[in-house]
Amino acid sequence: MGKTTTTSNLGIGLAKQGKRVLLIDADAQGSLTASLGFREPDKLEETLAAVMIKVINDEEIDQDYGILKHDEGIDLMPGNIELSGLEVSLVNVMSRELVLRSYIEQIKDRYDYILIDCMPSLGMITINVFACADSILIPVQAAYLPVKGLEQLIKTIGKVKRQINPKLTIEGILLTMVDSRTNYARDISAMLAENYRDSVRIFKNSIPISVRAAEISAEGISIYRHDPKGRVAGAYQALTKEVLGDE
């Protein structure tokens, strides 16, 4: 839990504030798609992979092609296992880093925010996401801090910024699954601050660990519906305000 839960709850949080929001599932596991109630992502035909193939083949894309509506006010471009195959075939495509950007250019005027849930690995699809993003929010689980992975990610973001997408910034690091009763979580927060605060913003709000939050992915709804008065809903509301405060 972390990146997918953050994408859906931040997205729905922004929609609740009156923003037009599109979520894009760019992870071959389709976790975001499944967590929003579209149970079997691999059976969907109109997905992000299909859109990117249309871009590669220079085919017309209808502006509503593949977009699913969720009853909490967001649109979703689903992702599934087809993205794994695409990862391999992108290697031979001209301007392969820019395939997703070309799709985003066509639809971005319809939305205030487009949030993309990435794969945890730094493959070609993730580079496509970085190439079209304005900023990257990095959720980090407080239970296990893969510092090496974080350094690698920050280096890759720097490289994409220099070579492909000069407007790319890091929105910030968000600590998730924080168990505030333990010293461990405090130590990790302190270590993050020590290592990164000069170069990367660390969000004031963090997301507490919660059994109830873990249950929502099975229900296809956001934390705001599942447990509106709970600490996690409060934390995502506060994060949404923090993100909106940047406007």
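**Figure 1. Pairing of strands S5 and S6 in the predicted model.** Ile136 of strand S5 stands opposite Ile170 in S6, and Leu137 stands opposite Gly172 in S6. The model is predicted. S5 spans residues 135–141, and S6 spans residues 169–176. The two strands run parallel and are joined by seven bridges. Strands of a sheet pair through backbone hydrogen bonds, either parallel or antiparallel. S5 has two unlike faces: Ile136, Ile138 and Val140 make up the covered one, while Ser135, Leu137, Pro139 and Gln141 make up the uncovered one. In a regular strand the side chains alternate between the two faces of the sheet. Ile136 therefore belongs to the covered face and Leu137 to the uncovered face of S5. S6 is largely enclosed by the rest of the structure, because six of its eight residues are buried.

**Figure 2. The four-stranded open sheet.** The strands are arranged in the order S2-S3-S1-S4, with mixed pairing. Strand S2 (68–69) and strand S4 (113–118) stand at the edges. Each edge strand has a single partner strand, so one side of each is left without a neighbour in the sheet. S1 and S3 pair in the parallel sense, over three bridges. Within this pair, Leu22 stands opposite Asp75 in S3.

**Figure 3. His70 in the loop between S2 and S3.** His70 lies in the loop that links these two strands. The residue is buried, with a relative accessible area of 7%. Apart from neighbours within four places in sequence, His70 is in contact with Ile12, Leu36, Phe38 and Gly220.

**Figure 4. Helix H3 and its surroundings.** H3 covers residues 48–56, and seven of its nine residues are buried, so the helix is largely enclosed by the rest of the structure. The buried residues are Leu48, Ala49, Ala50, Val51, Met52, Lys54 and Val55. The elements that cover them include strand S1 (21–26), strand S3 (75–77), helix H4 (82–89), helix H5 (99–107) and H6. After H3 comes Asp58, whose phi is positive, near 60 degrees.

**Figure 5. Gln63 in the loop between H3 and S2.** Gln63 is found in the loop between helix H3 and strand S2. With 45% relative accessibility, Gln63 counts as partly exposed. Setting aside neighbours within four places in sequence, Gln63 is in contact with Ile107 and Arg110. Gln63 and Val160 are 97 residues apart along the chain, and their C-alpha atoms are separated by 28 Å.

**Figure 6. The second largest pocket.** About 150 Å³ of space lies in this pocket. Its lining consists of Arg96, Glu97, Met124, Ile127, Gln152, Lys155, Thr156, Lys159, Val160, Gln163 and Ile164. Helix H6 (124–132) and helix H7 (147–163) are the elements that give two or more residues to this lining. H7 gives the most, with six residues. By residue class, the lining of the second largest pocket divides into four nonpolar, three polar and four charged residues.

**Figure 7. Cys118 and Cys132.** A search of the whole structure finds zero disulfides. Cys118 is in no disulfide, and the nearest cysteine sulfur, that of Cys132, is 8.7 Å away. Likewise, Cys132 is in no disulfide, with the sulfur of Cys118 as the nearest cysteine sulfur. A disulfide is a covalent bond between the sulfur atoms of two cysteines. The cut-off for a disulfide is a pair of cysteine sulfur atoms within 2.5 Å, and the separation between the sulfur of Cys118 and that of Cys132 is 8.7 Å. Both cysteines are enclosed by the buried criterion: Cys118 is buried, with a relative accessible area of 17%, and Cys132 counts as buried at 12% relative accessibility.

**Figure 8. Ala185 in helix H8.** Ala185 has its place in helix H8, which spans residues 183–196. At 6% relative accessibility, Ala185 counts as buried. Not counting residues up to four places away in sequence, Ala185 touches Val178 and Asp179. Ala185 and Gln141 are 44 residues apart along the chain, and their C-alpha atoms are separated by 9.6 Å. Gln141 is part of the uncovered face of strand S5.

Terms used
Residues are numbered from 1 along each chain as its sequence is written. This is a predicted model: local features need pLDDT of at least 70, side-chain atom pairs count only at pLDDT 80 or more; totals for chains, interfaces and linings use all residues. Side-chain values use heavy atoms; hydrogens and water are left out. Buried means under 20% relative accessible area, exposed over 50%, partly exposed in between (1.4 Å probe, protein chains only). Two strands pair if DSSP finds at least two bridges between them. On a 1 Å grid over the protein atoms alone, a cavity is a set of points where a 1.4 Å probe fits but cannot get out, and a pocket is an open set with protein on both sides within 12 Å along at least five of seven lines; lining residues have an atom within 4 Å of a point. Grid points are joined across faces, edges and corners, and a volume is the space filled by probe spheres set on the points. Ala, Val, Leu, Ile, Met, Phe, Trp, Tyr, Cys and Pro count as nonpolar, Asp, Glu, Lys and Arg as charged, and the others, Gly among them, as polar. Contact means heavy atoms within 4.5 Å.
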